[in-house]
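Colleague: I have just opened this model and would like to know how its labels are earned. Could you take me through the reasoning?

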Amino acid sequence: MSTLARILVSSCLLGHPVRYHGRSASCESEAAAFLERWHAEGRIVPVCPEVAGGLPTPRPPAEIEGAAGGDAVWLQRARVIDDTGADVSAAFLDGARQALALALRHGVRIAVLKEDSPSCGSTSIYDGSFTGGKVREAGVTAAWLRRHGIEVFSEHTLAEADARLRAIDERR
């Protein structure tokens, strides 16, 4: 019997206190059930790209400037700025590279990342104004993983991620 497909998961969704404010992210009970099952099945590869990129916990909140997304950061058309005005783009880019390397090392084809994060947001991130506004863009890591063929989901789309995992398992 072949092994089950692995899945890259944001560490904060797994209860690790790695978010910018030094806490984890809570999940609804249905989402927590998927994460618990995947953990029991030995599927999860945890990652926090921001910590992997060298940022401390806690750290100042950061956003991608100009309502741009992660692809713009990769193309050097936008920067990731924290609320003190510091450019933290290099750490975000490095963390995304490390997340991809980890995914490739474990044969990961699916990731579940924290929505709204400037690293991990899959469909929504804050707009760079530090006012709570959001844009329909992907974060730096989500964009990088997608560029390299990894499907990215959020904590709000775990049922879809689970269906993709099952489909991958069936083809193995």
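Colleague: What volume does the largest pocket have?

Modeller: Happy to help, and please keep in mind that this is a predicted model. The volume of the largest pocket is about 460 Å³. Its lining has 28 residues, and those closest to the centre are Arg19, Tyr20, Glu50, Ser117 and Pro118.

Colleague: Which helix and which strand each supply at least two residues of that lining?

Modeller: Helix H2 (49-52) and strand E3 (62-64) each do so. Sorted by class, the lining of the largest pocket has 16 nonpolar, four polar and eight charged residues.

Colleague: And how much space lies in the second largest pocket?

Modeller: That one holds about 170 Å³. Among the residues lining the second largest pocket are Ser26, Cys27, Phe34, Lys114 and His156. Helices H1 and H6 (158-171) each give at least two residues to this lining, and the largest share, three residues, comes from H1. By class, the lining divides into five nonpolar, three polar and four charged residues.

Colleague: Phe34 caught my eye. Why does Phe34 count as buried?

Modeller: Buried means under 20% relative accessible area. Phe34 has 14% relative accessibility, so Phe34 counts as buried. Trp38 has a relative accessible area of 0%, so Trp38 is buried as well. Both residues lie in helix H1, four residues apart, which is about one turn of the helix.

Colleague: How many aromatic pairs does a search of the whole structure find?

Modeller: Two aromatic pairs turn up. One of them joins Phe34 and Trp38, with ring centres 6.0 Å apart and planes at 40°.

Colleague: What makes the pair of Phe34 and Trp38 tilted?

Modeller: Rings pair if their centres lie within 6.5 Å, and planes under 30 degrees apart count as stacked, over 60 as edge-to-face and the rest as tilted. The centres of Phe34 and Trp38 are 6.0 Å apart, so the rings pair, and their planes at 40° make the pair tilted.

Colleague: Then why is the pair of Trp74 and Trp144 called stacked?

Modeller: Their centres are 3.7 Å apart, and the angle between the planes is 15°. An angle under 30 degrees counts as stacked, so the label fits Trp74 and Trp144. Trp74 sits in helix H3 (residues 70-74) and Trp144 in helix H5, so this pair ties together parts that are 70 residues apart in sequence. Trp74 and Trp144 are both buried.

Colleague: How do you know that helix H5 is largely enclosed by the rest of the structure?

Modeller: Six of the eight residues of H5 (residues 140-147) are buried, so the helix is largely enclosed. Those buried residues are Val140, Thr141, Ala142, Ala143, Trp144 and Leu145. Just after H5, Gly149 takes a positive phi of about 85°.

Colleague: Let us turn to the strands. What makes both faces of strand E1 covered?

Modeller: On one side of E1 (residues 7-10) are Ile7 and Val9, on the other Leu8 and Ser10, and all are buried.

Colleague: How do you know that E1 pairs with strand E2?

Modeller: Two strands pair if there are at least two bridges between them. E1 and E2 (residues 44-47) have four bridges, so they pair, in the parallel sense. The bridge partner of Ile7 in E2 is Ile44. With helix H1 (residues 29-40), the two strands make a right-handed β-α-β unit.

Colleague: Over how many bridges does E1 pair with strand E5?

Modeller: Three, again in the parallel sense, with E5 covering residues 110-113. Here the bridge partner of Ile7 is Ile110.

Key. Residues are numbered from 1 along each chain as its sequence is written. This is a predicted model: local features need pLDDT of at least 70, side-chain atom pairs count only at pLDDT 80 or more; totals for chains, interfaces and linings use all residues. Side-chain values use heavy atoms; hydrogens and water are left out. Buried means under 20% relative accessible area, exposed over 50%, partly exposed in between (1.4 Å probe, protein chains only). A crossover is right-handed if, with the strands pointing away from the viewer, the path from the first strand over the helix to the second runs clockwise. On a 1 Å grid over the protein atoms alone, a cavity is a set of points where a 1.4 Å probe fits but cannot get out, and a pocket is an open set with protein on both sides within 12 Å along at least five of seven lines; lining residues have an atom within 4 Å of a point. Grid points are joined across faces, edges and corners, and a volume is the space filled by probe spheres set on the points. Ala, Val, Leu, Ile, Met, Phe, Trp, Tyr, Cys and Pro count as nonpolar, Asp, Glu, Lys and Arg as charged, and the others, Gly among them, as polar.
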